[in-house]
Every structure is written in C-alpha cells, then in structure tokens.
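Please open the model in your viewer and keep the sequence panel beside it, since each stop below asks for a selection by residue number.

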Amino acid sequence: MGGVGKTQIAAKFVQIHKDEYRKIFWISALSLKRSLNEILCAIGCKQLIADEPSMENLTFVFLSKICEGSKRSLVVLDDVTEVTKDVTSFIRNVKEKISLLLTSQLRDWEDYGLIQIAVPCFQEQESIGFLQNELSSASQQEISILANRLQSLPLALHQAICYIKKHKVPLHKYIEQFEACRKSVLGMKINSFTEYDKTLLTVWDMAFAKIRVESNNALLILGMMAFMDNRKINKKTFSYFDKVDEFELNEIINLLCQYSLVNERNECLEIHSLVQKVIRYRIEQKQFVEDESPLTLLEVVLLKIEVSIKDLELNADYEDLWYIHVFRMIMSGAFKTINFDVSRVLNIAVGRLEMENLYQLSELLSKVLLKQYRLFRDVETFHTLLVVHRCFIGASSQLGLLNLNEIFAFEEEFSSELEENHIEVYWWKLQEAETYNVHGRMSLCKDIVRNLFNELVIKKGFDNIKLRLARFFTVKEVEVLLNSVDTNNLSDMNFLLYYDTKCSLYIMNGCFDLAEQVMKNWKEHLHRKQYSRSSQFNFPKRNCFLLYKKGSYNESLLACDELKRDIVFTDANVFILEALILIKLGKFNEAEVLLDGFNLRNNGIIIQISSYLKFQKHDFEAVVKLLANVENEPLSNLLFLVKEYAKLHRQLGNNKSRELVERCLQMNKIVNELFQVQLDSINF
C-alpha cells in the first residue's frame with residue numbers, strides 16, 4: 001500500500017543503526033543499474049566494468065570491490081514497484097552477502113528468501129496519538145472521528161494536519177468539509193483507485209481547492225509536476241515558465257510545501273507518486289484547472305529548455321532539467337505528438353549509459369513513428385524513424401535482445417525508401433552492417449559496406465559517413481575514401497575524425513613518421529577551440545595505439561595507464577589495447593584477467609584475443625566454444641586447425657614418438673602464427 005510511510009521507516013532505521021554499518025547505500029529501484037554504475041565509477045572501478053555491463057557484472061564488482069561481501073554493508077533498495085529481471089538478479093546475488101533492506105508495495109518476498117515485514121496503517125490508537133501530538137487543542141472525540149474518516153492512513157493524516165495548521169481551521173469544520181468532499185468522490189467509479197486512494201483524493205481535493213484560490217499558477221506548476229519524474233524535479237525547470245518570476249516561483253514552492261504536496265531538498269523538488277496519480281486523474285476529468293492544460297504548458301517549458309540550452313547533452317545538470325522528464329513523458333504516453341529533438345534525447349540516454357532506457361525509448365518511438373509513417377507516408381517522419389530505429393538496433397543488440405529477423409522485415413517493408421540518397425539512410429545501413437559484424441554475419445556485413453563504399457566514394461558530401469566507414473576496409477580502400485573527403489568543408493568535429501582515420505591509415509601502412517606528423521597537426525587542431533572530453537580522449541588513445549604498433553610496448557603500457565585515469569570515457573578498446581600490449585610483453589595471465597569481466601558475445605575482437613590466451617593454456621575446449629559461432633573464414637580455418645592440434649596433443653599422452661612431437665610442434669607453430677596474424681590485424 002502506498003502512503004503508509006515505508007520509505008520514512010527505512011530512513012529512520014538507517015539513522016538509528018548507521019554506526020553498525022561500515023558502508024550504507026540508498027538506491028532507487030527505478031534506476032538500479034544506473035545507480036550501481038555511478039557508484040562504481042565514482043570510486044574508481046570503471047576499469048572493472050564491461051563496456052555495456054550486465055547486472056551480474058555490476059553486482060559482482062559492487063560486492064567484491066565495495067562491499068567486500070560483508071554483512072556490515074547495507075543497501076536500501078527503495079520503492080520496488082516492479083519485479084524486473086535486474087531487480088531479481090540483484091536480490092538473489094546480494095541477499096546472502098550483505099545486509100539488504102527493501103521497500104515495496106508488492107508482496108510475496110518470501111519467495112526470494114527475504115523476511116517480509118508488513119507496514120500497516122496506524123492502529124486507531126496510534127493515529128489518535130499522532131493527531132493529538134500535532135493538534136493538541138482539538139477534543140478527543142473530534143480527533144477520534146478524523147482518524148476514523150481518514151482510515152488511519154499516515155499520508156492522509158499528515159496532509160490533514162498541514163491543511164488545518166495552515167488555515168487554522170477548527171477540527172470540526174475540517175471534518176465537515178471532508179465529509180462534503182468525500183460524498184462526491186465516493187460517487188465516482190474509478191477502477192484504478194482503492195478505498196485508500198479515494199481517501200487521499202478527498203484530502204488532496206480540499207488542498208487543491210484552497211490553492212486554486214491562493215494561486216492559480218501554483219496549481220499549474222503542480223499540474224506540470226504530475227507528469228514529471230517525481231524523484232528529481234530541478235527548480236530551474238520552472239524558470240522557463242513565463243507566467244512566474246523567480247520571486248513568485250519561490251512563493252509557490254513554499255505554498256506547496258506548506259500543504260505537504262511537495263518536498264524541497266537541495267534545490268530539487270519531490271512529489272509523491274500518489275499525488276501525481278490523483279492530479280493526473282483530475283486533469284483527465286477536466287476538474288483541476290480551467291482553460292489551460294498543465295501538460296501542454298510542460299511541453300512548452302521543455303521545448304524552451306531544449307532550444308535555449310545548446311550544451312544540453314554535455315551538462316548533467318541540464319540533462320536532469322530536461323531529459324529525465326522527457327523520458328518519463330514518452331514512456332507514460334503523455335506526449336500525443338513528438339515535437340522535440342528525438343536525436344538529442346536518445347544521445348543523452350547513450351551518454352548516461354542507460355542502455356535499457358535507450359532500448360525502451362527507441363522501441364516505443366519506433367512503434368509510434370511506424371504507425372505515423374504508414375498513415376501519412378511523409379519523408380520527414382521516415383527519416384526520424386530511421387534515427388530511432390538505428391538506436392533500437394544498437395541498444396537491443398548490446399542487450400542481447402535483438403532478433404535479426406526484425407532488421408530483415410524492416411528492410412523488406414521499406415526497401416524502396418532505403419534506396420534514397422539521404423544521410424539517415426546511410427547511417428541506418430552503417431548500423432545494420434555493424435550489427436551483422438557483431439553477430440558474426442560477415443557476408444551480410446561485407447555486402448552492405450561494399451555497396452556503401454561504391455555509392456559514397458563517387459559522391460560529394462557524406463564525409464562523416466565515409467570516415468566511419470573506413471574502419472571496415474584495408475589500406476587501399478581507406479586511401480580512396482580519404483581522397484573523396486572534402487577537407488575544406490569538414491566541421492570541426494569531423495576534422496578530428498579525419499585526423500584519426502588518416503593516422504590509422506599511416507599506422508596500418510607502417511608509416512610511423514607520417515602518423516606522428518598527423519598527430520602533431522591533430523594536437524594543434526585540438527588547441528584551437530574547446531572540445532568535449534570525449535572528442536579529446538580519442539587523441540591519446542590513438543597515440544597509445546601508435547606506440548604499440550611501433551613496438552614501444554612499455555611506453556604504450558604507461559600511456560594505457562594514463563588513459564584509464566579518465567574513468568568516464570575509458571571503453572572496451574582501451575582494455576583490448578592493453579591486453580594486446582601485455583601479450584607482446586609475454587604477460588598472458590594479466591591479459592586474461594583484464595578481459596575476464598567482458599561480455600564476449602558482443603565483441604568479436606575480445607573473442608579473438610581470449611581464444612589466443614586460452615590456446616596458450618591448452619584449454620582447447622574453451623577455444624572451440626569461443627570460435628564455434630563466428631562467421632569469419634580465417635577464424636573458421638583457425639578453429640579447424642585448433643581442433644586438429646587438440647587431437648594430436650591428446651595423442652601425446654600415450655605416444656611420445658619423435659614424429660608425433662615434431663608434428664605437434666609444427667602444428668603449434670602454425671596455429672600461433674595464424675593467431676598472431678589475426679591479432680596484428682586488429683585496428684581501432
């Protein structure tokens with residue numbers, strides 16, 4: 001049941017018992033995965049997290065590196081509204097290793113091996129005592145009547161107390177007003193409202209009526225908050241609401257806090273989900289405010305924020321000002337039309353490492369846009385659909401949820417549209433190729449990138465696509481692509497990508513002096529203006545790769561250590577590069593430990609390196625398992641030779657003849673050389 005004080009009880013428990021625990025973590029169940037990721041990054045464990053970490057990976061690192069499997073670590077998992085796969089995984093993995101306190105309206109937690117403690121409403125005497133403490137001048141009879149009318153529900157009792165104190169209304173008058181309001185509420189047929197919800201609806205209706213008289217703008221702001229993410233509403237959001245200035249906004253927030261409809265904490269506002277539910281119902285029934293729609297006003301506010309803040313994707317404060325509420329409104333279906341920059345909200349989801357959110361968001365938007373395009377067949381909608389569907393393919397692939405038949409079906413339905421010469425079509429095809437590459441469908445990948453190459457190399461423009469396409473090709477094709485790029489019209493960001501691609505070309509050619517000259521020009525370009533940290537990070541990463549290819553392994557290892565200091569942008573490629581360096585230095589065990597935590601299924605390069613490391617340990621079964629499903633001709637040939645070598649190696653147990661030993665040594669040399677060719681061909 002909502003509104004009985006579960007979160008407050010958990011907070012009180014933490015306050016009383018804080019000295020009994022060495023570490024205490026308060027995590028919202030609604031953002032479990034992201035919260036764990038942020039905690040781990042904040043204390044320097046980023047390098048231990050996979051590129052797109054699974055809940056199992058995050059939980060393992062959290063337990064081993066932070067909590068150290070100690071019962072003296074406490075995690076409060078607050079407001080579990082749904083038993084998701086992530087929540088289930090987290091509970092099952094931590095419940096025996098640390099102390100776990102969970103709050104939820106759901107039941108049957110015994111099935112998870114947890115002790116369940118029901119938090120009921122107050123008993124009658126408890127609610128009477130609570131009211132007497134706050135309303136000392138009221139009579140025993142009046143207090144008893146009010147406790148009965150409010151069904152001893154703590155949230156309703158607290159709301160009533162705030163109302164009575166603010167308006168200094170006699171208790172018997174409040175009870176009369178409550179009864180009058182209650183009659184109209186009880187007459188409503190609201191399937192989604194329990195009797196307790198109706199009690200709260202009555203109490204809040206009385207508060208809404210008073211606020212309506214005191215400040216209509218306060219009611220509008222409260223109405224907007226009903227559609228926002230209730231956990232973190234930045235006060236600055238409402239500075240974009242034209243109807244109020246800073247002084248009036250502060251007055252409104254103070255008013256809403258007096259009625260206990262919102263709480264203010266660290267420049268952010270919080271509103272109970274039940275308050276939101278009641279307000280949305282009243283708005284839907286057109287019984288909240290006259291003439292104006294809070295939802296429409298909120299859309300206007302968010303659009304103003306989007307237009308006025310240029311660095312929305314780079315500033316975490318602005319993300320919370322805009323992104324979390326746009327995300328909430330999309331997922332709740334509150335938006336009737338899509339008037340905002342779809343790419344921006346998707347890019348922020350990527351930047352915040354919210355792959356599940358990106359998946360849900362892109363899946364929902366894809367369905368909306370598909371329906372819209374099938375009805376109206378307008379080109380602009382289709383291009384937006386391609387942006388969203390591209391994100392859906394990427395997110396679902398990384399989460400292991402992608403069915404390749406979905407791509408096949410999309411391509412078949414829109415085959416004529418995908419023949420268009422448009423940048424979003426090319427971007428979609430590039431994502432398609434990368435997905436096939438990840439999933440081992442090499443022939444499909446090669447067909448797409450070859451067609452893109454043939455089509456784009458003779459066209460002007462599309463330079464950013466050409467530069468990203470280069471990673472699929474060998475030296476000769478990369479040279480052709482670079483020659484087709486118009487460097488006079490490159491944006492600053494694409495010029496950085498141009499330097500990166502050109503440097504990579506020289507490194508592949510073994511022209512290290514030329515690569516160093518490009519690095520020098522690249523560095524000068526970076527100093528000309530302020531670039532984002534992610535853009536600047538590619539420079540030292542490419543320099544590290546150059547040192548590795550030159551054979552300066554110790555120097556490149558030091559460069560890798562320096563790269564990993566930036567825990568935000570350190571990605572899988574940095575660890576892959578470090579593993580390659582460690583292999584060159586003969587430190588096979590260190591390389592294997594480094595890659596152990598990664599999700600092998602989603603990274604073909606790590607599969608290659610791990611296969612080589614397993615082969616060095618003669619773990620042939622592991623090598624076969626890793627390479628079995630890879631659709632790559634050189635690796636398939638390598639797999640065949642590994643199996644043959646494994647047979648010879650087993651025979652050595654019974655037959656150590658000179659001939660067999662020499663055959664084994666020869667086969668071992670061949671396999672190692674082929675592995676080395678594969679590793680040396682790795683490029684970033």
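What follows is a tour of a predicted model, taken in stops that each begin with a selection.

**A loop residue**

Begin with Ser104, which sits in the loop between strand 3 (99–102) and helix 5 (124–134). Is this serine buried or exposed? Ser104 has a relative accessible area of 14% and is buried, because the cut-off for that class is under 20%. If you display its surroundings and leave aside residues up to four places away in sequence, you will find that Ser104 touches Lys6, Val80 and Trp109.

**Helix 5 and helix 7**

Next, keep helix 5 on screen and add helix 7 (residues 154–167); the two pack at an angle of about 20°, with their axes 11 Å apart. Helix 5 is therefore roughly parallel to helix 7, and the crossing between helix 5 and helix 7 is right-handed. To see the contact itself, show the side chains of Ser127, Phe130, Leu131 and Glu134 on helix 5, together with Leu157, His158, Ile161 and Lys165 on helix 7. Coloured by type, the residues of this contact between helix 5 and helix 7 comprise four nonpolar, two polar and two charged.

**Helix 9 and helix 12**

Now select helix 9 (residues 195–214) and helix 12 (residues 273–284), whose axes come within 10 Å and cross at roughly 70°. Helix 9 and helix 12 are therefore roughly perpendicular to each other. On the helix 9 side the contact is made by Asp197, Leu200, Leu201, Trp204, Asp205 and Phe208, and on the helix 12 side by Leu274, Val275, Lys277, Val278, Ile279 and Arg282. In the contact of helix 9 with helix 12, eight residues are nonpolar, none is polar and four are charged.

**An open sheet and the helix across it**

Turn then to the open sheet of three strands, which has the order 4-6-5 and antiparallel pairing. Its edge strands are strand 4 (233–234) and strand 5 (262–265), each of which pairs on one side only. Strand 5 and strand 6 (residues 268–271) pair in the antiparallel sense over four bridges. Which residue of strand 6 is the bridge partner of Arg265? Selecting Arg265 together with Cys268 shows the answer, since Cys268 is that partner in strand 6. Adding helix 11 (residues 246–258) shows a helix that lies across strand 5 and strand 6, running at about 120° to strand 5.

**A glutamate in helix 19**

Select Glu434, which has its place in helix 19 (residues 423–438). Glu434 counts as partly exposed, because its relative accessibility is 23%. Once residues up to four places away in sequence are set aside, Glu434 touches Arg471 and Phe472. A distance drawn from C-alpha to C-alpha puts Glu434 and Ile393 10.0 Å apart in space, although they are 41 residues apart in sequence.

**Helix 22 and helix 23**

For the last stop, select helix 22 (residues 475–483) and helix 23 (residues 492–509), whose axes come within 10 Å and cross at roughly 150°. This angle makes helix 22 roughly antiparallel to helix 23, and the crossing of helix 22 and helix 23 is left-handed. Helix 22 contributes Val475, Val478, Glu479 and Leu482 to the contact, while helix 23 contributes Tyr498, Thr501, Lys502, Leu505, Met508 and Asn509. The residues of the contact between helix 22 and helix 23 divide into six nonpolar, two polar and two charged.

Conventions. Residues are numbered from 1 along each chain as its sequence is written. This is a predicted model: local features need pLDDT of at least 70, side-chain atom pairs count only at pLDDT 80 or more; totals for chains, interfaces and linings use all residues. Side-chain values use heavy atoms; hydrogens and water are left out. Two strands pair if DSSP finds at least two bridges between them. Contact means heavy atoms within 4.5 Å. Axes are lines fitted to C-alpha atoms, for helices over the stretch in contact, and angles run from 0 to 180 degrees between N-to-C directions. Buried means under 20% relative accessible area, exposed over 50%, partly exposed in between (1.4 Å probe, protein chains only). Angles under 35 degrees count as roughly parallel, over 145 as roughly antiparallel, 65 to 115 as roughly perpendicular and the rest as oblique. A crossing is left-handed if the near helix is turned anticlockwise from the far one by less than a right angle, and right-handed if clockwise. Ala, Val, Leu, Ile, Met, Phe, Trp, Tyr, Cys and Pro count as nonpolar, Asp, Glu, Lys and Arg as charged, and the others, Gly among them, as polar.
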